[in-house]
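The following exercises concern strand pairing and hairpins. Please work through each task before reading its solution.

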Amino acid sequence: MKTVEIICSACGVEAFLNREPIYEGFSKVGEELSCSACGHRFASEEEVPFKQRKAAPVIFTEADRSKKVQIFEAGEADTLCHYCASYVVNPFVQFCSRHKKEVQATDSCPEFERGGAKNPANSILGF
Ligand SMILES: [Zn+2]
């Protein structure tokens, strides 16, 4: 018989459930359920303080999860060149006036500086 672990409600010990058949004459009329540690008898199956089974085995770990499809990491969208004070756009090029290089509106930058509306006067041609 497989052992069944319980945490006894009488003695508080992690023990095994003793399951003894009760016979009346030659016929089995029931089972006596008791604690292997203290012998406390449980009146019925419902009263048996079965030890909680461990959570179902974790088949998938965090590492197995497919990477969330996110265009921007959290917070990154706040530092997009598009919103940066150094971002200059004209019909031909998107340009970072801080790094003096071409950028995309969707680039992000650690030196992001929030800028207001794009001022057409703040053009690449002004440098
Ligand atoms: Zn007990």
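**Exercise 1.** In the hairpin of strand 3 and strand 4, which residue takes a positive phi?

Solution. The model is a predicted one. Begin with the connection: 5 residues lie between strand 3 and strand 4. Within this hairpin, Gly39 takes a positive phi near 85°. Next, consider the pairing itself: strand 3, residues 27-35, pairs with strand 4 in the antiparallel sense over 2 bridges. Ser34 stands opposite Arg41 of strand 4.

**Exercise 2.** Determine how strand 2 and strand 3 pair, and examine their hairpin.

Solution. Strand 2 covers residues 14-24, and its pairing with strand 3 is antiparallel over 8 bridges. To place one residue pair, take Pro21, whose bridge partner in strand 3 is Glu31. The hairpin has 2 residues between the strands. Here Gly25 takes a positive phi near 70°.

**Exercise 3.** In what order do the strands of the open sheet lie, and which are the edge strands?

Solution. The open sheet has 4 strands in the order 1-2-3-4, with antiparallel pairing. The edge strands are strand 1 (5-7) and strand 4 (41-42), each of which pairs on one side only. In general, strands of a sheet pair through backbone hydrogen bonds.

Technical notes: Residues numbered from 1 in each chain as written. Predicted model: local features only at pLDDT ≥ 70, side-chain atom pairs only at ≥ 80, totals over all residues. Pairing = 2+ DSSP bridges.
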